[in-house]
Amino acid sequence: MRLLTAALLCLPVLAAQAETPSTLLSPELKAQAASLQAALATDDTAYHLVESLTTEVGARVAGSEADARAVAWAEKHFKQLGFDKVTLEPVRFPVWRRGDIRISVLGDSPQSLHAIALGWSKSTPEAGLSAEVVAFDDLDALSAASPEQLQGKIAYVSARMEKRRNGGDYGRRVAARSSGAEIAASKGAVALLIRSIGTDSDRLPHTGMGIWLGGIKPGTPASDRAMVLSNGERVALTAVPAAALSNPDADQLSRLLKLQPKLKLHYQLAGQYVGEYTSHNVVGEITGSTKPEEIIVVGGHLDSWDVGTGAIDDGAGVAITAAAVAAIKKQGLRPARTLRVVAFANEEQGVWGGKAYARAHAAELANHVGAAESDFGAGRIYRIDAGVPAKDWPLVQEIQAALDPLNIELGGQDAGGGADLSGMRDAGVPMFELLQDGTDYFDLHHTDNDTLDKIDPAALRQNVQAYATFLWLLGNAPQRVQTNFVPTPTP
Ligand SMILES: [Zn+2]
């Protein structure tokens, strides 16, 4: 609410500045952007960064021992990259730990299925539970089910996610993961099982949050599943145990259900809340020469899930954005505005780092003049979107013209920014998106297959070229852009 008020207060200022005619980028700035691109065409700094992070730290789930090593890694490497300033900003959040999982088919075709618990899943009883499975084609069908159908049963959502370049089907399917347990529980089900929100055919299930922690109402009484944090916030485990099957195992279960409609599973998993932890956002910056108080933020999130080594999600994003900011100074250039890179803590389990950044910097957000997050893998960038009003669009067109040699096209005015930027966006910071080809992203996302070998060094170089170009031009543009985002007031 505080952020929304701040955004509204900015509006008269925005309207007044809207009359200023836009001055566009000088030929000198464009030539400097072109030489940055040329220099970065053979620069593997980003690849070396993500290689180092994924090798030396590995998986770094929020609140683990590796979380602290990741923060130390980022601090050390940001200093080595030559940033003018490197700071650690505390981020406090609740921690959930995964235990073992076993899901097996009972009856005539006994066999085990490959599954993984969803984040913040509640445990089954220690010995597990055995119950009949009721299948639903998608979350809407589960939502429409009657309690008689589900009482004492395991709800199974079999919907399959489709591959798209922009990952657009994720939005349609992910609700089965983030709200399925709550809906299943409301109808008396004893557990939730979903097909992984993923597009591969590997026998590796995809994890991810089983509940939206931010959605727990402030007044929720403490219980065996709802915890009150030291700052008064409420978080909760899923209402029933929740897990995802790999795609081939989901196919297998669907076939078995055709043969045996009353099929029963034995379902056993452990997961628990283990207390609070303080991690850090790691912030590096190059201070602006003539407008140091005006700040542009880029970044990615430093945490990963506990599977894979967090190469595409999101070691790549941290590496791309840090390398791009560092490259500008390395080329002997200094932007007018301050360029800041943030390696955000704990994005995966509730955007805790992004929210902490917006809180800690609330007083200077009015002077944050643009933000972009890289959190969609390591594929090539194909488009730039900007959440700015029409009067600022000619500047975006000029930036895109400089990105054209990298095969980046002009997109739309509806950039909402990455998850970690949502607090900034709501406070009126203009959002930019450099859209990556995510065709294969959901093959790997939140699985054991998210490892360094999936990153193409050439595609990573193109990402750094694009971010460096964008940062140099926006960091020196004569005009400030404004946001076109209108926050919807919370009822
Ligand atoms: Zn991510």
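Helices (H or I, at least four residues) and strands (E, at least two) are DSSP runs numbered from the N terminus. The model is predicted, with local features requiring pLDDT of at least 70 and side-chain atom pairs pLDDT 80 or more, whereas totals for chains, interfaces and linings use all residues. Residues are numbered from 1 along each chain as its sequence is written, and side-chain values use heavy atoms, without hydrogens and water.

**View A. Surroundings of L237 in the loop between β8 (234-236) and β9 (242-245).** L237 counts as buried because its relative accessibility is 8% (buried: under 20% relative accessible area; exposed: over 50%; partly exposed: in between; 1.4 Å probe, protein chains only). Beyond its neighbours within four places in sequence, L237 has contacts (heavy atoms within 4.5 Å) that include W96, W120, I211, M227 and Y273. L213 lies 24 residues from L237 in sequence, with a C-alpha to C-alpha separation of 8.5 Å.

**View B. Coordination of the zinc ion by H301, D313 and D375.** The donors (N, O and S atoms within 2.8 Å of the metal, or 3.2 Å for Na, K and Ca; water is not among the atoms, so sites may look incomplete) are H301 (NE2), D313 (OD) and, twice, D375 (OD), at 1.9 to 2.8 Å. H301 in strand β11 (residues 291-301) and D313 in helix α10 (residues 311-330) are twelve residues apart. H301 is buried, at 0% relative accessible area, and D313 is buried at 4%.

**View C. Enclosure of helix α12 (residues 393-403).** Eight of its eleven residues are buried, so helix α12 is largely enclosed by the rest of the structure. Among these buried residues are W393, E398 and L403. Their cover includes α2 (27-40), β14 (381-386) and α15 (457-476).
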